[in-house]
Amino acid sequence: MTTFLVVVVFALLLSAWVLSIANRLDRLHVRTDAAWAALDAALARRAVVVRALLDPALSAAASRAESASRSEREHAENELSGLLGALDRSALAPALAFELADAEERVVLARRVHNDAVRDTLLQRRRRVARWLRLAGTAPQPSYFEIAEPSAPSDAVMLTPRPSARVVLTDAAGRVLLFQGFDPARPQELFWFTVGGGVEDGEELRDAAVREAFEETGLKLAPDALVGPVWRRRAVFSFDGQTFDAEEWFFYASVDGDLVVDTSGFNDVEETTISGYRWWTAEELESTEDTVYPVQLAELLPELTADWDGETRTVR
């Protein structure tokens, strides 16, 4: 009887585990579909703005891109991007030039969000249990959408360089502290991120990480208490109407016992745009549908807390 109960419990646990993977896959496919819809909308808006330029060649290219099939869409959109790259924007009316730059920026960001979603979905589909049990069902395999981005910031949108130092801060249980925030231009789109912020002029990365940790949490870290940099992330993102070319360097630190997070050191922007914070386990990060940066945090956190190998990894 005892053996039978053990088998039943094991079977139930195994079923729950498989079901959680299937649910995760389903959510990832939904996320990928939504990301493609957003990218498609951004491309459509770019085509509308391009036709407003009243240039016959550009208008024809925009129409071809809009009517292209999914398999031919990349080629058609790249053709349009090439024509836009050769466009003399100094002759455009300022309002129209701004609309075009904004439309191109949104295409860049939407494509990256889409490809991030595709990458995460493909990683989950490639897991052995997902392949063996065909947990993806009849959902088609998503594919990346590769189109050329503007070769220089002046071709589309002015990018502001932003080096930053961030801290992956964990407690004794291995949970990581994340803040939740939003872009004032899109307050409904919440996301989670690690402790840290921009590096000031003349400031060393490690010193910036120590300063940011104190300002955002009240924790006074010694510079040698930081491990790393363990990760490096390059990202283009918009915030409050400005677009940044960010290079983020992540350090690792842990605290013993309970940390009472003190946010009294927040600046005005942080006071306005950070809505909360919490400690996350790797399992919670793996199962959440919330947006978290860097996106591989759930995957890399256990490896980091167990034993960092000294290599600075590139993350997204």
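Guide: Contact means heavy atoms within 4.5 Å. The model is predicted: local features need pLDDT of at least 70 and side-chain atom pairs pLDDT 80 or more, while totals for chains, interfaces and linings use all residues. Residues are numbered from 1 along each chain as its sequence is written, and side-chain values use heavy atoms, without hydrogens and water.

Visitor: Is Thr 217 buried or exposed?

Guide: Thr 217 belongs to helix H6, residues 205-217 (helices are DSSP runs of H or I, at least four residues, numbered from the N terminus). Beyond neighbours within four places in sequence, Thr 217 touches Leu 177, Phe 179, Val 195, Val 260, Val 261 and Asp 262. Its relative accessibility is 0% (under 20% is buried, over 50% exposed, in between partly exposed), so Thr 217 is buried.

Visitor: Which side chain makes a polar contact with the side chain of Arg 46?

Guide: Arg 46 sits in helix H1, residues 2-51, and is buried at 4% relative accessible area. Leaving aside neighbours within four places in sequence, its contacts include Leu 80, Ser 81 and Val 107. At 2.7 Å, the side-chain partner in a polar contact (N or O atoms within 3.5 Å, one able to donate a hydrogen and the other to accept it) is Glu 77.

Visitor: How are H2 and H3 oriented to each other?

Guide: H2 covers residues 56-67 and H3 residues 70-85, with their axes 8 Å apart. The angle between them is about 160 degrees, taken from 0 to 180 degrees between N-to-C directions of lines fitted to C-alpha atoms over the stretch in contact. With over 145 degrees as the cut-off, H2 and H3 are therefore roughly antiparallel.

Conventions. Helix = DSSP H or I, 4+ residues; strand = E, 2+ residues; numbered from the N terminus. Parallel < 35°, antiparallel > 145°, perpendicular 65-115°, else oblique. Buried < 20%, exposed > 50% of the residue type's maximum accessible area, 1.4 Å probe, protein only.
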